[in-house]
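I opened this notebook to record what I looked up, one topic at a time. My plan was to take the sheets, then the helices on them, then the aromatic rings.

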Amino acid sequence: MARKRKELPLLEKVEITDVAAEGKAIAKVNDLVIFVPYVVPGDVVDLQIKRKKHHYAEAEAVKFHEYSPVRAVPFCQHYGVCGGCKWQVLPYSEQIRYKQKQVTDNLTRIGKIELPEILPILGSEKTEFYRNKLEYTFSNKRWLTTEEVRQNVVYEQMNAVGFHIPNAFDKVLAIEKCWLQDDISNRIRNAVRDFAYEHDYSFINLRTQEGMLRNMIVRTSSTGELMVILICKIEKDEEMALFNQLLQYVADTFPEITSLLYIINNKCNDTITDLDVHTFKGKDHIFEEMEGLRFKIGPKSFYQTNSEQAYNLYKVARNFAGLTGNELVYDLYTGTGTIANFVSKQARQVIGIEYVPEAIEDAKVNSEINGIQNTLFFAGDMKDMLTQDFINEYGRPDVIITDPPRAGMHQDVIDVILFAEPKRIVYVSCNPATQARDLQLLDAKYKVKAVQPVDMFPHTHHVENVVLLELKNPA
């Protein structure tokens, strides 16, 4: 006989007291810490516990008794359903205050190292329409909101283009207006959707992998260029003819598109790194600009998604590097070589290392188009590339700039950095928790001299952080 599932409690009139990681807020009842989304400190709510462990629980606010005096009104019609921009209920001044606190807490609690006073966070001037890239998903299973389900209406149109719903991989929330990217992105997405509805195009079923339209990527740039990539599943000639009609419609309706590309993806996953890209109209790339430098962005290129804040971030990194023109700089996890090329004028030579071979090709092109001749780029896994032999061959760096993925640096990489003993290390991180762990390991030989948080992603809990380390006992 199946055991009856234990009913989880409803807690009444609980005050939300703090903000936690992952964009959730915190309440405490007796010794139980409760994580709650879509609320802010000062709210008094009834909490329905959804999941309970020994020392913490996850809950949903089911009734508000009092609203916090610092609460803001969300500006997006999809707030609370889409799963993104969870901090819209916090005024921006509060968001950056909590991000500063997040950096401080991580570095002190996890790092447990001596720290200077942490500099005030650099907020983003733009808090709406700040992204230069968005990816949309097509699906024949539109997510119905709680409101729509309650109305008990039979919906004839269940195709949707928008964003994946958290924890429901095959369901997509139909997006009418997203506030993350320039409004041209909304106009293109909605026009493609309407054309597809009108001409009865099939949207992918993410479970059975049937259907034509899969994904759409829109990239905008500070130079005014615009890239659109449509990704589809095509198995018959007549499907290709249909798809060409859609591409022609997009080209005719949006003459401002400078790069209209398409990818045929007949695989079971959405990754495009291993697929050919075809140009329907215009060029196969766009350009970003920063301090007169031009960066070529292809359909698969990585570039920081908040262009204006990326510039501020890179200025901090360059300033911390303290370059005089005589230094050999290693730029680890260089991506498309943006930082490497950005600091090259102030260095004797910059060596960039990156895992993705296509990114390294982009990095070389970016040096070439800017007439930069003092960069060298290598592709390969960082822990395999950055070895003592590599340093013996290419020279001991005076400065290392490192911008690793969220997981931080591998122990082998840290060991080689400690062996190389550069005078300064500039550590750029998108995850202060793993950065703090790495700083503790580097503490064997290095002292933290400056810490500068930078907000790249308003209305989310994410924060970038730049740390300057100096060798404690230079030779």
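The entries below follow that plan.

**Entry 1: what kind of model this is.** I note at the start that I am working with a predicted model, and I keep that in mind for every value below.

**Entry 2: one open sheet.** I looked up the strand order here and found 7 strands in an open sheet, ordered 8-7-6-9-10-11-12, with mixed pairing. Strand 8 (168–174) and strand 12 (278–282) are at the edges with a single partner strand each, so one side of each has no neighbour in the sheet. On average, neighbouring strands of this sheet are turned by 30° against each other, with direction ignored. At one edge I followed the pairing further: strand 11 (residues 259–264) and strand 12 are antiparallel and share 4 bridges, and I noted that serine 259 has glycine 282 of strand 12 opposite it.

**Entry 3: helices on that sheet.** Which strands does helix 3 touch? I found that helix 3 packs on the sheet against strand 6 (133–139), strand 7 (160–165), strand 9 (213–220) and strand 10 (226–232), and that its direction makes about 155° with that of strand 9. Helix 4 also packs on the sheet, where it touches strand 9, strand 10, strand 11 and strand 12, and its direction makes about 160° with that of strand 11.

**Entry 4: another open sheet.** I then wrote down an open sheet of 7 strands with the order 17-16-15-18-19-21-20, in which the pairing is mixed. Strand 17 and strand 20 (446–454) are its edge strands, each of them pairing on one side only. From one strand to the next the twist averages 15°. For an antiparallel pair within this order I looked at strand 19 (residues 424–429) and strand 21 (residues 464–471), which are joined by 6 bridges, with valine 426 standing opposite leucine 468 in strand 21.

**Entry 5: strand 16 and its neighbours.** Is strand 16 mostly covered or mostly open? I found that strand 16 (residues 349–354) is mostly covered, since 5 of its 6 residues are buried. Strand 15 (residues 328–332) runs parallel to strand 16 and is joined to it by 5 bridges, and aspartate 331 has glycine 352 in strand 16 as its bridge partner. Between these two strands the chain passes through helix 6 (residues 338–343), in a β-α-β crossover that is right-handed.

Strand 16 also pairs with strand 17 (residues 375–379), in the parallel sense and over 5 bridges, and here I noted that valine 350 has threonine 375 of strand 17 as its bridge partner. A right-handed β-α-β unit is made by strand 16, helix 7 (residues 357–369) and strand 17.

**Entry 6: helices across these strands.** I found helix 7 lying across strand 16 and strand 17, at about 170° to strand 17. Helix 1 (residues 92–111) lies across strand 20 and strand 21, and runs at about 160° to strand 20.

**Entry 7: aromatic pairs.** How many aromatic pairs are there? The count comes to 18 aromatic pairs when rings with centres within 6.5 Å are taken as paired. In the pair I looked up to begin with, phenylalanine 195 and tyrosine 249 are stacked, at 4.4 Å centre to centre and with 20° between the planes. Phenylalanine 195 belongs to helix 3 (residues 184–198) and tyrosine 249 to helix 4 (residues 237–253), so this pair ties together parts that are 54 residues apart in sequence. I read phenylalanine 195 as buried, at a relative accessible area of 10%, whereas tyrosine 249 is partly exposed, at 26%.

Next I looked at phenylalanine 390 and tyrosine 394, a tilted pair with 4.7 Å centre to centre and 40° between the planes. Both residues lie in helix 9 (residues 388–394), 4 residues apart, which is about one turn of the helix. Phenylalanine 390 counts as buried at 7% relative accessibility, and tyrosine 394 as partly exposed at 28%. I also noted that ring pairs link Tyr330, Phe378, Phe390 and Tyr394 into a cluster.

**Entry 8: charges over rings.** Finally I looked for charged side chains over ring faces, and found lysine 177 over the face of tryptophan 179, at 4.2 Å from the ring centre. Arginine 396 lies over the face of phenylalanine 419, at 5.0 Å from the ring centre.

Key:
Residues numbered from 1 in each chain as written. Predicted model: local features only at pLDDT ≥ 70, side-chain atom pairs only at ≥ 80, totals over all residues. Heavy atoms only, no water. Phe/Tyr/Trp six-rings, centres within 6.5 Å; stacked < 30°, edge-to-face > 60°. Buried < 20%, exposed > 50% of the residue type's maximum accessible area, 1.4 Å probe, protein only. Lys NZ or Arg CZ within 6 Å of the ring centre and 35° of its normal. Pairing = 2+ DSSP bridges. Right-handed = clockwise from strand over helix to strand, strands pointing away. Axes fitted to C-alpha atoms, helices over the stretch in contact; angles between N-to-C directions. Contact = heavy atoms within 4.5 Å.
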